[in-house]
Amino acid sequence: MTDKNIFCKGGGCTAKLGAGVLSRILEKLPKAPFDKNLIVGFDSRDDAAVYKISEDTAIVQTLDFFPPMVEDPYTFGKIAAANALSDIYAMGGCVKTALNIVCFPENMDLNILGQIMCGGSEKVIEAGGILAGGHSIADSDVKYGLSVMGIADPRRIYKNNEGKAGDLLVLTKKLGVGIVCTAGRVGEASKRAMNEAVDSMTMLNKYAADICKGYDVHACTDVTGFSLLGHIHEMLDNRLSCEIFADRIPYIPEARDYADEFLLTAAGQRNRNFVGNNVLFENISFAMEEILFDPQTSGGLLIALSEDQAEKMLSEMKEKGMPAEIVGRLTEKKNIEILVKGE
Amino acid sequence: MIKVNAMGDPCPIPVVKTKNAIKELGGSGQVETLVDNEIAVQNLTKMANQKGYKVASEKLGDNRYKVVMTIGEAAAEEKKDDICVPDMRGNKLVVISSSHMGSGDDELGAVLMKAFIFALTQQDELPSAIVFYNGGAKLTCENSPTLEDIRSLEAQGVEIMTCGTCLDHYGLSDKLMVGSVTNMYAIVEKMMGAGLIIRP
């Protein structure tokens, strides 16, 4: 039983440091001399670093690791890997190699680590990549993730902040996995809800990204710890505003009930503190507000593209069985940055 | 009163423990919850507000906070009072437009402002928000003598807002240490919606 306790504290992307704290530090770091081949660095707080090595090839580099958010080690491995691989897809790249990042208590059963890494390696193979090494550290708590390298066409990189006014926003996975896992941690989540959350978190964003390749994507990011509203805030880049269609938000139905029971994460409240003042909720229920601030582990892609392209992309995704929806529209910059309405 | 110790518990455990205590109370009364971080205070406050419980919180020391909820008749009675006298609690807005209080001697004014903000943290009734603009914007930034007190107010649920134009003007845009950046539209909206505006 003690193993279990160590194994599952506030895990997944709910364990991320708040965006507010982070941006203050990042802004103060010394800057390296300008290199024109670095197409994406953390100036724009994008999902991954992109470095051009020739006219038609850029390296996409990212890493992600976190503590477990589910009890089962094999499932945790799959989720952590799907989450780490996602950043490559959010940039428009394809996965090439991955390295394991492991923190594991010395006195814990190594079979557990074996199951975690087995889940992770399965996802890397599914992504079409090669697991090529890794690094492990003895630590008091379990943490696992991947460092991933992918490649992309430098002319077709999806930045997170190049959306245009009038674009629609397509979200490819349901929200609410943070709330459901939190409820699960205190024994309040139904089996059905947990299963849906796990299926969603282990699903690779590869399939949504493959569909994206057929469209003129203006901006793309994956929705993770900073919540839908947090990631939209980054996408707007102080340059645009956005309307969110609350009636079209896809979410795990039980998340609403658990939010009404206040089974909420610290990270969700941090997200509210960070972006809440830029958001106006027009007759939106408390539970929906919480779903929009909910930190997602291995969340879906959020894609900005023109109206007719978005509708076509949505029907193609729906045909493939994805729970995608059009969740909002980018507008010219207004007084209110994010307006949520229409629940 | 039931006392709940949620020190060291990650969210949502403090909320779950507090809800169980409220159930145990089985009616009216008070539940006092001890937590070790501001976010837990905010999550508890959010629950109390949604449920219509009266809630007050206090910073007891480093990483030590107390949240007291009043449930049932005690809270209901106070609601009844609202019908006779509009209760503007939680709807008071403090506006700080300068880094010092009053005019005459600025050095004295700075001391007075520090004392004002400290005294504010000690009140039973707190304002819903504090808006900082013009010279006041310096108080929410690096090197402000009152940062700790403003953070404590924020931890107790007071919204801290600083005018973005003002931060730009003083070159403090990357020095904001507490609360969030706001704009004139939001400032006007806060002022129009306030039951009482306090301007030291």
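Domain bounds here come from an automatic or database domain assignment. On that basis, chain A is divided into domain 1 (2–156) and domain 2 (168–341), while chain B has domain 1 (2–82) and domain 2 (92–198). Please keep in mind that this is a predicted model; for the complex, the predictor reports an ipTM of 0.81 and a pTM of 0.73. A good thread to follow is helix H2 (38–51) of chain B, which contributes to the side of domain 1 of chain B that touches domain 2 of chain B and also to the side of chain B that touches chain A.

**Confidence in chain B**

- Averaged over chain B, the pLDDT is 87, and 91% of the residues reach 70 or more.
- Within chain B, confidence peaks in strand S2 (residues 29–35), at a mean of 95, and is lowest in helix H3 (residues 73–84), at 47.
- The pLDDT is below 50 over residues 77–89 of chain B, a stretch that has 6 contacts in the model beyond near neighbours in sequence.

**The two domains of chain A**

- The centres of domain 1 and domain 2 of chain A, taken over C-alpha atoms, are separated by 21 Å.
- Domain 1 of chain A brings 27 residues to the contact between them, and domain 2 of chain A brings 30.
- On the domain 1 side, helix H2 (19–28), helix H3 (73–90) and helix H4 (110–126) of chain A each supply at least two residues.
- H3(A) provides the largest share of that side, with 10 residues.
- By class, the domain 1 side of this contact in chain A has 11 nonpolar, 9 polar and 7 charged residues.

**The two domains of chain B**

- In chain B, 27 Å separate the domain centres, again taken over C-alpha atoms.
- The contact between these domains takes 8 residues from domain 1 of chain B and 4 residues from domain 2 of chain B.
- Helix H2 (38–51) and strand S3 (54–61) of chain B each give at least two residues to the domain 1 side.
- The largest share of the domain 1 side, 4 residues, belongs to H2(B).
- That side of domain 1 of chain B is made up of 2 nonpolar, 3 polar and 3 charged residues.

**Where chain B meets chain A**

- This contact involves 19 residues of chain B and 15 residues of chain A.
- On the chain B side, helix H1 (13–25), H2, strand S8 (180–182) and helix H7 (184–193) each supply at least two residues.
- H2(B) gives the most to that side, with 6 residues.
- The chain B side divides into 12 nonpolar, 6 polar and 1 charged residues.

**A closer look at helix H2 of chain B**

- The 14 residues of H2(B) should span 20 Å at 1.5 Å a residue, and the end C-alpha atoms of the helix are indeed 20 Å apart, so the two values agree.
- H2(B) is mostly covered, with 11 of its 14 residues buried.
- Among the buried residues of H2(B) are B:Ile39, B:Val41, B:Leu44 and B:Met47, as well as B:Glu38 and B:Lys46.
- The partners that the buried residues of H2(B) pack against include helix H10 (266–275) of chain A.
- Within chain B, they pack against H1, S2, S3, strand S4 (64–71) and helix H5 (147–155).
- After H2(B) comes B:Gly52, which has a positive phi near 75 degrees.

Notes: Residues numbered from 1 in each chain as written. Chains lettered and ligands numbered in written order. Predicted model: local features only at pLDDT ≥ 70, side-chain atom pairs only at ≥ 80, totals over all residues. Contact = placed C-beta atoms within 7 Å. Nonpolar A, V, L, I, M, F, W, Y, C, P; charged D, E, K, R; others polar. pLDDT = per-residue confidence, 0-100. Expected span 1.5 Å × (residues − 1). Buried ≥ 20, exposed ≤ 12 C-beta atoms within 10 Å, placed from the backbone.
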